[in-house]
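Hi,

Here's the structure I promised to send over. Have a look first, and then read on for what turned up in it.

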Amino acid sequence: MKDIRKVRHDLKRDVHNIMSLLKFINKDEEIKDPDLKQMLEMAISKEHLIFDGLNELSKRSEAM
C-alpha cells in the first residue's frame with residue numbers, strides 16, 4: 001500500500017502543475033469563446049479551495 005504522504009505530495013504536485021498550465025493558458029492564449037474563458041477563470045479562482053480540500057482529505061485519512 002502506498003504511503004498516504006507520498007500520494008498526497010504527488011497529488012498536490014499534479015494539481016499545482018495543472019493550475020500553472022491553466023494560468024499560462026489564461027494569460028498567454030487568446031480565448032474567443034466566452035464560456036470557455038469564464039470556466040477557465042472560475043477554475044483558477046478556486047485554486048485555494050482545491051488545495052484546502054486536498055489538505056482536509058489528507059487530514060481525515062491520517063486520522064483513520
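The side chains of Arg13 and Asp14 come together in a salt bridge, with N and O 3.2 Å apart. Keep in mind throughout that this is a predicted model. Asp14 counts as partly exposed, since its relative accessibility is 35%. Arg13 is partly exposed as well, at 41%.

Arg13 has another partner too: its side chain meets that of Asp10 in a salt bridge at 3.3 Å, N to O. Both Asp10 and Arg13 sit in helix H1, which covers residues 4-28, and they are three residues apart, or about one turn of the helix. Asp10 is on the other side of the burial cut-off from its partner: with a relative accessible area of 16%, Asp10 is buried because the limit is under 20%. Put the pieces together and you get a network of salt bridges linking Lys6, Asp10, Arg13 and Asp14. The general idea is familiar: side chains of opposite charge can pair when their charged atoms come close.

How many salt bridges are there in the whole structure? A search finds five. The one I'd look at next is between Glu47 and Lys23, where the closest N and O atoms are 2.7 Å apart. This pair ties together distant parts of the chain, with Glu47 in helix H3, Lys23 in helix H1, and their positions 24 residues apart in sequence. The contact between these two side chains also shows up as a polar contact, again at 2.7 Å.

So is Glu47 buried or exposed? Glu47 is buried, because its relative accessible area of 17% falls under the 20% limit. Lys23, on the other hand, counts as partly exposed at 37% relative accessibility. As for location, Glu47 belongs to H3, which runs over residues 47-63. Leaving out residues up to four places away in sequence, Glu47 touches Met19 and Lys23.

Met19 comes up again with the neighbouring loop. Lys46 is found in the loop between H2 and H3, and its C-alpha lies 9.8 Å from that of Met19, although the two are 27 residues apart in sequence. Lys46 counts as partly exposed, with 39% relative accessibility.

On to H2 itself. This helix takes in residues 34-45, 12 residues in total, and it reaches 16 Å from its first C-alpha to its last, close to the 16 Å expected at 1.5 Å a residue. What caps its N-terminal end? That would be Asp33, which places a side-chain oxygen 2.8 Å from the backbone nitrogen of Asp35.

Finally, a word on confidence. The mean pLDDT of the protein is 89, and 95% of its residues reach 70 or more. H2 has the highest confidence, at a mean of 95, while H3 has the lowest, at 84. When you go over the Glu47 and Lys23 pair, remember that Glu47 is in H3, where confidence is lowest.

Shout if you'd like to go through any of this together.

Cheers

Key. Residues numbered from 1 in each chain as written. Predicted model: local features only at pLDDT ≥ 70, side-chain atom pairs only at ≥ 80, totals over all residues. Heavy atoms only, no water. Helix = DSSP H or I, 4+ residues; strand = E, 2+ residues; numbered from the N terminus. Polar contact = N/O pair within 3.5 Å; in protein donor to acceptor, adjacent residues only side chain to side chain. Contact = heavy atoms within 4.5 Å. Expected span 1.5 Å × (residues − 1). Salt bridge = Lys/Arg side-chain N within 4 Å of Asp/Glu carboxyl O. Buried < 20%, exposed > 50% of the residue type's maximum accessible area, 1.4 Å probe, protein only. pLDDT = per-residue confidence, 0-100.
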